[in-house]
Amino acid sequence: MSRESLRRNTVVGLFASVVLAAVKLLAGLFGHSSALIADAVESFADTLGSMLVWQALRVASKPPDDDHPYGYGKAEAVAALTVGGLLVVAAVVIVTKAIQQIMVPHEAPAAWTLIVLVVVVAVKETLFRVVMTGATESDSDAARADAWHHRSDAITSAAALIGVSIAVWGPPASGIRGLVMADEAAAMLASGVILITAVQIVRPSLRELLDATAHDFAAQITSVAESIEGVRHVEKVFVRKSGAGFHLDMHLQVDPQISVRTAHALAGKVKSTLRQRLPGLAGVLIHIEPFEAAPDTDQSAESV
């Protein structure tokens, strides 16, 4: 999927998040639902996150320049890390609000708030699937974070739906007045889900920002390089992710008797082959070294 398509998905998600957050906030205030108000807080954090992702995708799509020879791909990781932080803040706000409401006696939420929650869950889950499909196709951490933001919103709304249902129908059906607190309990449970989602978002973005090696991709690169005639040994492979692409630094050992021109041509062949078979490579830097066979252990022992 193109970067333009990713940005379009983000804009659509942003607009939907703004509308749904406003609807949930109004429904929570007029329907007296703590879970809905807390859910609206999470949605507004979701909205801000979508804005950050949209901006990050715009920046990441800029071509390399003199000051940024490796491009701007890491802007996506920065946005993903920020989104994860916003989710943590949202979770803390939700828990704090729920605890405050538990301490104050109150009536059950209005029954019509259940309709609002059903619509919100359906819309948010649809947005998650659409945005995640694009993120997977383009391997974008920022878009993936945006997708999980929609999924976390759907989960918190679903938890609110369960809690509000119990709070609305539980007391008259069972005679237990305390069931009205299910509204707040659902909000607190949802905050735990939000924290788990934040960890899932933050972990890969931190790995990218810290230039962690992509081991599986490095193994593929080694396999392809070793299959090319003239490559005697792949000594080092360093692969780091930047946005939707990977940057590669590798050391190849070749026959020490060949000319510099031949070695240079071989490096070019390896580079073109890698780019052809592994489209995710955004940059390839190859260092050529003379091949040195490992000493024969048996012969060395006999000579001693």
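**View 1. The largest cavity of this predicted model encloses about 50 Å³ of space.** A single cavity of 30 Å³ or more is present in the structure; on a 1 Å grid over the protein atoms alone, a cavity is a set of points where a 1.4 Å probe fits but cannot get out, a pocket is an open set with protein on both sides within 12 Å along at least five of seven lines, and lining residues have an atom within 4 Å of a point. Volume is the space filled by probe spheres set on the points, which are joined across faces, edges and corners. The lining of the largest cavity is made by A35, A38, D39, I94, T156, A159, A160, A186, A187 and A190. At least two of these lining residues come from each of α2 (34-60), α5 and α6, where helices (H or I, at least four residues) and strands (E, at least two) are DSSP runs numbered from the N terminus. By class, the cavity lining holds eight nonpolar residues, one polar and one charged (Ala, Val, Leu, Ile, Met, Phe, Trp, Tyr, Cys and Pro are nonpolar, Asp, Glu, Lys and Arg charged, and the others, Gly among them, polar).

Residues are numbered from 1 along each chain as its sequence is written, and side-chain values use heavy atoms, with hydrogens and water left out. Local features need pLDDT of at least 70 and side-chain atom pairs count only at pLDDT 80 or more, whereas totals for chains, interfaces and linings use all residues.

**View 2. Helix α5 (residues 141-174) packs against helix α4 (residues 113-138) at an angle of about 160 degrees.** The axes of α4 and α5 lie 8 Å apart; axes are lines fitted to C-alpha atoms, for helices over the stretch in contact, with angles from 0 to 180 degrees between N-to-C directions. The two helices α4 and α5 are therefore roughly antiparallel (over 145 degrees; under 35 is roughly parallel, 65 to 115 roughly perpendicular and the rest oblique). The contact of α4 with α5 involves 19 nonpolar, five polar and six charged residues.

**View 3. Helix α3 (residues 75-102) also packs with α5, at an angle of about 20 degrees and with the axes 7 Å apart.** This angle makes α3 roughly parallel to α5. From α3, the contact (heavy atoms within 4.5 Å) takes in E76, A80, V83 and L87, and from α5 it takes in D141, A142, A145, H149 and S152. These residues comprise five nonpolar, two polar and two charged.

**View 4. Helices α7 (residues 215-226) and α8 (residues 260-277) cross at roughly 130 degrees, their axes coming within 10 Å.** Helices α7 and α8 are therefore oblique to each other. I221, V224 and A225 of α7 meet V270, T273, L274 and R277 of α8, and the residues of this contact are five nonpolar, one polar and one charged.

**View 5. The largest pocket holds about 230 Å³ of space.** It is lined by 16 residues, of which A60, K62, Y72, G73 and S242 are the closest to its centre. The lining of the largest pocket divides into six nonpolar, seven polar and three charged residues.

**View 6. The second largest pocket holds about 200 Å³ of space.** Its lining residues include D139, D141, P204, R207, E208 and F246. Both α6 (182-209) and β1 (231-242) supply at least two residues of this lining, and α6 gives the largest share, three residues. Five nonpolar, one polar and six charged residues make up the lining of the second largest pocket.
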